[in-house]
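Work through the exercises below with the sequence and the model in view. Each task is followed by a solution in steps.

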Amino acid sequence: MYFQQSVAWAEHVVFIFPVWWGGMPAKLKGLIDRTFLPDFAFKYKSNNPMPEKLLKNKSADIILTMDAIPFYHRWIQGDPVYRQLKRTTLRFCGFNKVSATYIGSIINSSEKQRDNWVKQVSRLAKKV
């Protein structure tokens, strides 16, 4: 799988996607489910319930776009997408640094706000 090879090669991975109904798009979830597999991303050893993390020393940025106000998504809804991707997938597999950037509310944004978001993402890209 090409994406799996890219993840193995990369030191830093960037996920950018829209939040739909508090979650990630189904196709992205499917890609993650088919990429972060046993013997690639983690490996269980006999007599040990905790797996060996096979994707150590990698980092990731998660850029979430949404129509909701980021405050609402993070603090009222509990930041479900970031928590799931960071804690139960990436950290489980060995990623040591995972950060999030929230872009929204898209639906109510002005052209100036959209330009600012483009600049913000550009600054993130230059940091890597």
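Helices (H or I, at least four residues) and strands (E, at least two) are DSSP runs, numbered from the N terminus. Residues are numbered from 1 along each chain as its sequence is written, and side-chain values use heavy atoms, with hydrogens and water left out. The model is predicted: local features need pLDDT of at least 70, side-chain atom pairs count only at pLDDT 80 or more, and totals for chains, interfaces and linings use all residues.

**Exercise 1.** Locate Ser105 and describe its surroundings.

Solution.
- Step 1: Ser105 sits in the loop that runs between strand S5 (97-103) and helix H5 (111-127).
- Step 2: Buried means under 20% relative accessible area, exposed over 50%, and partly exposed in between (1.4 Å probe, protein chains only). Ser105 has 11% relative accessibility, so Ser105 counts as buried.
- Step 3: Contact means heavy atoms within 4.5 Å. Leaving out residues up to four places away in sequence, Ser105 touches Met66, Asp67, Ala68, Ile69, Pro70 and Trp117.
- Step 4: With Asp67, the side chain of Ser105 reaches the backbone oxygen at 2.5 Å.

**Exercise 2.** Find the salt bridges and state how exposed their residues are.

Solution.
- Step 1: A salt bridge is a side-chain nitrogen of Lys or Arg within 4 Å of a carboxyl oxygen of Asp or Glu. By this rule there are two salt bridges.
- Step 2: One joins the side chains of Asp33 and Lys29, at 2.6 Å from N to O. Side chains of opposite charge can pair when their charged atoms come close.
- Step 3: Asp33 and Lys29 are four residues apart in helix H2 (residues 26-35), so about one helical turn separates them. Asp33 is partly exposed at 39% relative accessible area, and Lys29 is partly exposed at 30%.
- Step 4: The side chains of Lys45 and Glu52 form a salt bridge at 3.6 Å, N to O. Lys45 is partly exposed, with a relative accessible area of 48%; Glu52, at 29%, also counts as partly exposed.

**Exercise 3.** Compare the expected span of helix H4 with its end C-alpha atoms, then describe the helix.

Solution.
- Step 1: The expected span is 1.5 Å times one less than the number of residues. For the 14 residues of H4 (residues 80-93) this gives 20 Å, and the end C-alpha atoms are 19 Å apart, which agrees.
- Step 2: The bend at a residue is the angle between axes fitted to the seven residues ending there and the seven starting there. H4 has a kink of about 30° centred on Lys86.
- Step 3: Lys86 is also one of the buried residues of H4, together with Val81, Tyr82, Leu85, Thr89, Leu90 and Cys93.
- Step 4: After H4 comes Gly94, with a positive phi near 120°.

Key. Polar contact = N/O pair within 3.5 Å; in protein donor to acceptor, adjacent residues only side chain to side chain.
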